[in-house]
Amino acid sequence: MNINEFLPSAIELSYLIAAGLFIVGLKKLGSPATARQGNLIASIGMLIAIVSTLLHQGVLNYGMILIGMSVGSVIGAIMAYRVEMTAMPQMVGLLNGFGGAASALVAIGEFWRYLHQAGDIPLSETFTIIVSVLIGGITFTGSLLAYVKLEGLITGKPITYALQQPLNLSLLVTFLVGSGLLIANPHDTGIFLGLTIISLVLGVLFVLPIGGADTPVVISLLNSFSGLAASAAGFVLSNNMLIIAGALVGSSGIILTEIMCKAMNRSLANVLFSAFGSGKTASDAVGDSVQDKTVRSIDTEEGAMMLGYARSVVIVPGYGMAVAQAQHAVRELADQLERLGVDVKYAIHPVAGRMPGHMNVLLAEANVPYPQLYDMEDINPEFDRTDVALVIGANDVVNPAARHNESSPIYGMPILEVDRAQHTIVIKRGMNAGFSGVENELFYKEKTMMLFGGAKDVVAHLVSAVKELN
């Protein structure tokens, strides 16, 4: 058989193998115990897909591709090496934006090719080009704005203004009308340029009213958009692998978004359109429930005594622990407690960091055994039998107001019920509210002891004090 006759079939078979590896890799990413293996399997699938694509007859300039891959690999390696775990959502947002831009550029390139080389543009091609430009443009600028917000380069508060939603709707309607005109006259570059600009503007306006606490949810949604944009680009290029990979990214992004919304007991529409965090929430939502209450504080020696003489301790890591990079000190504290015969578990809330799995990855960095990590549904029944719950930098996810205060913005949000433990120690720099702006009732409970200070320093002092109990 002639190699040129066999090659297309071999490429499609390789795409099928790569798609299978993607699916297996995604499945294994669902558990901390198999996440690294899943990442490796998916990476092998991507390697197969890239090599197969480069063997395609349509590839004309291997030199330029090699230069692009080399430059991109160097930049990617530097970014991956330098990024902190607390900045991972920003990193994901930035990469989402690049993916959306790539898909939009593919669509723009195909439009240009048809315009100057292939003559008439088929209706199906015009439609897929328009879809790819719309989703890719929104993903690009929306992801860049989300990155800027999370990085603190601009305010993380929702940015709202009069007639905001009507303006967004009018731009979307304008895009749809322009799309109809382009389909009727596919060679009109002015209309195509206008559609591209509108898609970029829509991305900015889409993210502007999103508060910092909700931005990770939007990044997850934009991750789904980037997959849809890639899938649309696959239709533009008639590339089955790109269609499948984009669909997998799109569906997994939607699933992750749903998990995050469920963990906050909020709908996606509420996240996107409520401008959460822009109003007066801290004192107004809590009302008089925490006013005139006493805060009980202890020092590290007292905290070490409570932990060292307990039978069971549940450690609740939060974003404050992540920012302080205290995970290694926390692991050392757990080791010291276990030497004293204390049963130690870790309670993981789905949005304890900025994205699901954030805490799992941080604790895995410190080689915390996977069997000690408990999801919220599994650990909550254990708190009634727990001597001490040690909360490190968590806030909204342990606020009892979510259970009973119907006026609270976080009412109904599933929480880690640490207030049911015999004693609760909260390590925190001060009494500031969490991302939601809601004051935490837990801090004023009779069984709660506040241990003020930076997470890393306080835990290190606890380790030293617990060692003296041996």
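**Buried residues, ring pairs and salt bridges in a predicted model**

His358 is found in helix α15, which covers residues 358–365. Everything described here comes from a predicted model, not from an experiment. At a relative accessibility of 5%, His358 falls under the 20% cut-off and so counts as buried. Setting aside neighbours within four places in sequence, His358 is in contact with Met85, Thr86 and Gly353. Gln372 is another matter: His358 and Gln372 are 14 residues apart in sequence, and their C-alpha atoms are 16 Å apart in space.

Asn96 makes a handy companion case. This residue is found in helix α4, and Asn96 is buried, with a relative accessible area of 5%. Again leaving out neighbours within four places in sequence, the contacts of Asn96 are Thr139, Ser143, Ile219, Leu222, Asn223 and Ser226.

Next comes helix α6. It runs over residues 164–184, which makes 21 residues. From first C-alpha to last, α6 reaches 31 Å, close to the 30 Å expected at 1.5 Å a residue. The buried residues of α6 are Gln164, Asn168, Leu171, Phe175, Gly178, Ser179 and Leu182. Looking down the axis of α6, these buried residues fall within an arc of 110°, so they line one face of the helix. The spacing fits a general rule: an α-helix has 3.6 residues a turn, so residues three or four places apart point the same way. Over on the other side of α6, Leu169, Leu176, Val177 and Ala184 are exposed.

Now for the rings. The structure holds two aromatic pairs. Phe111 and Phe192 make a stacked pair, with 4.0 Å from centre to centre and 10° between the planes. This pair links distant parts of the chain, with Phe111 in helix α4 (residues 88–118) and Phe192 in helix α7 (residues 189–207), 81 residues apart. Phe111 counts as buried because its relative accessibility is 5%, and Phe192 counts as buried at 7%. Phe206 and Phe225 form a pair that is tilted, with 6.1 Å centre to centre and 35° between the planes. Here, too, distant parts of the chain are linked: Phe206 belongs to helix α7 and Phe225 to helix α8 (residues 215–237), 19 residues apart. Phe225 counts as partly exposed, since its relative accessibility is 21%.

A ring also turns up in a charge contact. The charged end of Arg113 sits over the ring of Tyr114, 4.7 Å from the ring centre.

On to the charged pairs. The structure holds eight salt bridges. In one of them, the side chains of Asp387 and Arg311 meet at 3.4 Å, N to O. Asp387 lies in the loop between α16 (376–379) and β4 (388–392), while Arg311 lies in the loop between α12 (300–308) and β1 (312–317), so the pair ties together parts that are 76 residues apart in sequence. The two partners sit in opposite settings: Asp387 is buried, with a relative accessible area of 13%, whereas Arg311, at 64% relative accessibility, counts as exposed.

Asp335 and Arg331 also meet in a salt bridge, at 2.9 Å from N to O. Both belong to helix α14 (residues 327–339), and because they are four residues apart, Asp335 and Arg331 are separated by about one helical turn. Asp335 is partly exposed, with a relative accessible area of 22%, and Arg331 is partly exposed as well, with 21%.

Another salt bridge joins the side chains of Lys345 and Asp343, at 2.6 Å from N to O. Lys345 counts as buried, its relative accessibility being 15%. Asp343, by contrast, counts as partly exposed at 38% relative accessibility.

Conventions:
Residues numbered from 1 in each chain as written. Predicted model: local features only at pLDDT ≥ 70, side-chain atom pairs only at ≥ 80, totals over all residues. Heavy atoms only, no water. Helix = DSSP H or I, 4+ residues; strand = E, 2+ residues; numbered from the N terminus. Expected span 1.5 Å × (residues − 1). Buried < 20%, exposed > 50% of the residue type's maximum accessible area, 1.4 Å probe, protein only. Arc of directions from axis to C-beta. Phe/Tyr/Trp six-rings, centres within 6.5 Å; stacked < 30°, edge-to-face > 60°. Lys NZ or Arg CZ within 6 Å of the ring centre and 35° of its normal. Salt bridge = Lys/Arg side-chain N within 4 Å of Asp/Glu carboxyl O. Contact = heavy atoms within 4.5 Å.
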